[in-house]
Amino acid sequence: MTSDTAWLFSAEEIENSPSRADGVDAQSEGRTVARMADFLRDASRLLRLPMLTTAVAVKYWQRFYMLESLKRHNPWEVAGACLFLACKVQETHMRLREVIYATVKVRTRGSEDFPDGEEVRESHPHYFAEKEKLLIKERVLLRVLHFDLTVDHAYKHVWAMTKTFIPASHMQGKVTQVAWNFINDSLRTYMHVQYCEREIAASVFYLSANYCDVPLPDGRGRDAAGRRLISWHELFPVNLARVHSIGERMLDEYDPSMAKRAGADANGASGDGERHGYRS
């Protein structure tokens, strides 16, 4: 069992998370999961971090709250610690002061006092308080995660599938980008602590190929010598039923009108990577 697989939870375990046991209802927890993914993405953009670093931070946050309650630990503070730790693990080095500046600015953006976000620099009177909170949460985060920081990425599996089945072309890039957009959107759910990244990658690759009208080998074709051409899901062994289940779950997160526009196999998906397609 890989370390990443060890951090997968059943639907029942997610349904009975520590937050739920602490009185947080499913809708509130779901909104917080999505909000923190958006927060980490926006802070990462401000820091110009690669999406892989953002995805690692989101997965750390979600793993943490599979073991701890939202009522016991401030989700914004934990998210800041997750981003700082992800920067170290991914070697996208950011100084602590830069992470504090970005997370506080995004966190306070839209508030009455700071419509554009509060800018907390080292000279700011609140800087050292923010610094201490983040460092304390980082220690708590490491303890709860048992210093197990290994993270698999669906992105790399998608790229392997795309290179294998789609010749180098503009369409190869388009299928890859749409699939990555699906992954980015799926980070707004607990999907990445329920399914392995290889299964998620297979699902988004399948959805993306359908969205882009790119046929995939289904195992019924033959080569010039009459030999059966292997299907895409045989070459990258995955359970096709689970792949379809993940895809349906993913598409359920989109607004039906946007899902209809995509024309993918199940119900379709926007594939544009923007979160405005989600139900509010």
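Which helices each supply at least two residues of the lining of the largest cavity? I began my notebook with this point, working on a predicted model.

**Entry 1: the largest cavity**

I looked up the cavities and recorded two of 30 Å³ or more. The largest cavity holds about 100 Å³ of space. To answer my opening question, I noted that α5 (75-89), α6 (96-108) and α7 each give at least two residues to its lining. Of these helices, α6 provides the largest share, with four residues. I then listed the residues that line this cavity: F39, W76, E77, G80, I100, T103, V104, R107, E130, K133 and L134. Sorted by class, I recorded five nonpolar, two polar and four charged residues in this lining.

**Entry 2: the second largest cavity**

I turned next to the second largest cavity, for which I noted a volume of about 60 Å³. Its lining includes A55, V56 and K59, and also V151, D152, H153, A154 and Y155. I completed the list with I183, L187, H192 and E197. Both α4 (51-64) and α8 supply at least two residues here, and the largest share, three residues, comes from α4. By class, I recorded seven nonpolar, two polar and three charged residues in this lining.

From which domains does the lining of the second largest cavity draw at least three residues each? I found that domain 1 (12-145) and domain 2 (154-266) each contribute at least three.

**Entry 3: aromatic pairs**

I looked up the aromatic rings and recorded nine aromatic pairs. One of them joins W61 and Y65, with 4.5 Å from centre to centre and 45 degrees between the planes, and this pair is tilted. Is W61 buried or exposed? I noted a relative accessibility of 1% for W61, so this residue counts as buried. Y65 is also buried, because its relative accessible area is 0%.

I then examined Y155 and W180, whose ring centres are 5.7 Å apart. Their planes stand at 85 degrees, so I entered the pair as edge-to-face. Y155 belongs to helix α8 and W180 to helix α9 (residues 170-186), so this pair ties together parts that are 25 residues apart in sequence. I recorded Y155 as buried because its relative accessibility is 8%. W180, at 29%, counts as partly exposed. I had already met Y155 in the lining of the second largest cavity.

Finally, I noted a cluster in which ring pairs link F165, F205, Y206, W232 and F236.

**Entry 4: positive phi angles**

Before looking at the backbone, I reminded myself that most residues other than glycine have a negative phi. I then looked up F147, which is not a glycine, and found a positive phi near 55 degrees. Where does F147 lie? I located F147 in the loop between α7 (127-144) and α8 (154-165). F147 has a relative accessibility of 60%, so I recorded this residue as exposed.

D213 is not a glycine either, yet its phi is positive, at about 60 degrees. I placed D213 in the loop between α10 (197-211) and α11 (232-235). Is D213 buried or exposed? I entered D213 as exposed, because its relative accessible area is 67%.

Definitions and conventions. Residues numbered from 1 in each chain as written. Predicted model: local features only at pLDDT ≥ 70, side-chain atom pairs only at ≥ 80, totals over all residues. Heavy atoms only, no water. Buried < 20%, exposed > 50% of the residue type's maximum accessible area, 1.4 Å probe, protein only. 1 Å grid on protein atoms, 1.4 Å probe; cavity = no way out; pocket = protein on both sides within 12 Å on 5 of 7 lines; lining within 4 Å. Points joined across faces, edges and corners; volume = space filled by probe spheres on them. Nonpolar A, V, L, I, M, F, W, Y, C, P; charged D, E, K, R; others polar. Domains from an automatic or database assignment. Phe/Tyr/Trp six-rings, centres within 6.5 Å; stacked < 30°, edge-to-face > 60°.
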